[in-house]
Amino acid sequence: MGFNFNIGYNSYQPLSVERDRSGNWFYTMFSSKAKHNYFASDKDKIKAVLSNPYLMKCFALNADLFSIGRVDDANGENTDVLKTIKAQPNFTQTWAQFFWDYQFYIGIGTAYLWKPYKAQGLNDAYPIQWLNPAKLDWDVSLTDKLKDLILTGKSLKELKTQTVKYNLDNGKTKLIPLDEIYPFYDLSNSMTDNFMRGASRLDSLYKTISNTEIAMDAKSKNLEYSKKFMVNGNNSIENISELPMGDEEKISIEAIANSSKDVHVVKTPITISRFVDDIANLGLDNSLNSDYLTIGTTLGIPKELLDVSLAGKNGSTYENQQKAIGRHVEYSLKPKANNLMEGFKMIFGIELVMTWEHLMFNQVFEKEKAETVKIRLENAILAKENNLILEDYEY
């Protein structure tokens, strides 16, 4: 049954429809409470990241670390080879910005690489770039086709002739063939009803992100009330000889409270108290820190990198932070890099590897390796001096 409810010039659909045992229908048009546990669209996910400082810090950290990776050829003979093949991916970005976008959109769920059909390789004039998933308009007829199982190459080729609408910021749209779009997924595309879209871990964080918004609103409101004071007289209500405080006396006390004078003489003793005495007792910061850790660790970030103050009672040491960066790169970012490099091989026919071995955090591991070698050498010398059997050591 269709339902439209008009207010003024706008048309609204009900958020939910319920029916009681008597057959009466109830429509919920507006609600401050979420009726779902996931983001309705990629646009909502991007908006959440851009408006939530805790979520943005995690996304920016991942994207920043990913963007400073170096792309070498697969045989290790040439370093930073990508820039020699193609100076920049498109006319408006550097390779660092290109990789930043890839990691950001992967965090949303899916990164869509657009390669114009005429672009046969990286060493030509045609640009490649990431499409903003919030601007892709997957209409019903297209998604119905994308729900089908692809059993033959012919079926896939026919499907790739379909086009998806891409909404531009100037009000125009562009139809892009699916054959020109290459999706890269954060989790998997087997858990959605559209094999061109991957599942997003942001959906699992929906309530946590909502909690941070509520806690930030509560903190803001309490800070606003902490500026306000309550001023009241100390006369006992049992004292019937004194008249209640009149308007003139109220105005006088308010003027005294706002005065710049240091000493005031009043007829009636007064008490001044804040509306909010101790905002720390509310525990809002602890709640926000806890939610921040949940967001960060869900996005694969070790807690040592989220914030020194959250890493432990006495913070995290420099070496621990550097090791945490290494673990994060190895277990969270490198799989995404390998996936992208495999995509480059499939799309452009070139074999590349992405590495972070040139960065400072690797010095910590080199130091540990050197110390291990030193201990083995010392043990070998001691064994020789005591005529013990020497074993083969790897240095």
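Asp-73 sits in strand E5, which spans residues 70–73. The model is predicted. Asp-73 is buried yet forms no salt bridge. Two further residues are covered below: Tyr-182, in strand E11, and Lys-47, in helix H1.

**Asp-73: charge and polar partners**
- The nearest side chain of opposite charge to Asp-73 is that of Arg-70, 9.0 Å away.
- A salt bridge requires a side-chain nitrogen of Lys or Arg within 4 Å of a carboxyl oxygen of Asp or Glu, so Arg-70 at 9.0 Å does not supply one for Asp-73.
- The side chain of Asp-73 does make a polar contact with the side chain of Asn-78, at 3.1 Å.

**Asp-73: surroundings**
- Leaving out residues up to four places away in sequence, Asp-73 touches Asn-78 and Val-81.
- On the same count, Asp-73 also touches Glu-351, Leu-352 and Val-353.

**Tyr-182: strand E11**
- Strand E11 covers residues 181–185 and includes Tyr-182.
- Tyr-182 and Gly-343 are 161 residues apart in sequence, yet their C-alpha atoms are 8.3 Å apart in space.
- With residues up to four places away in sequence left out, Tyr-182 touches Ala-111, Tyr-112, Leu-113 and Lys-115.
- Met-346 and Ile-347 are also among the residues that Tyr-182 touches.

**Lys-47: helix H1**
- Helix H1 runs over residues 42–51 and contains Lys-47.
- Lys-47 counts as exposed because its relative accessibility is 60%, and exposed means over 50%.
- Lys-47 and Ala-134 are 87 residues apart in sequence and 9.6 Å apart in space, C-alpha to C-alpha.

Methods:
Residues are numbered from 1 along each chain as its sequence is written. This is a predicted model: local features need pLDDT of at least 70, side-chain atom pairs count only at pLDDT 80 or more; totals for chains, interfaces and linings use all residues. Side-chain values use heavy atoms; hydrogens and water are left out. Helices (H or I, at least four residues) and strands (E, at least two) are DSSP runs, numbered from the N terminus. Buried means under 20% relative accessible area, exposed over 50%, partly exposed in between (1.4 Å probe, protein chains only). Lys and Arg count as positive and Asp and Glu as negative; His and the chain ends are not counted. A polar contact is a pair of N or O atoms within 3.5 Å; within protein, one must be able to donate a hydrogen and the other to accept it, and residues adjacent in sequence count only if both atoms are side-chain atoms. Contact means heavy atoms within 4.5 Å.
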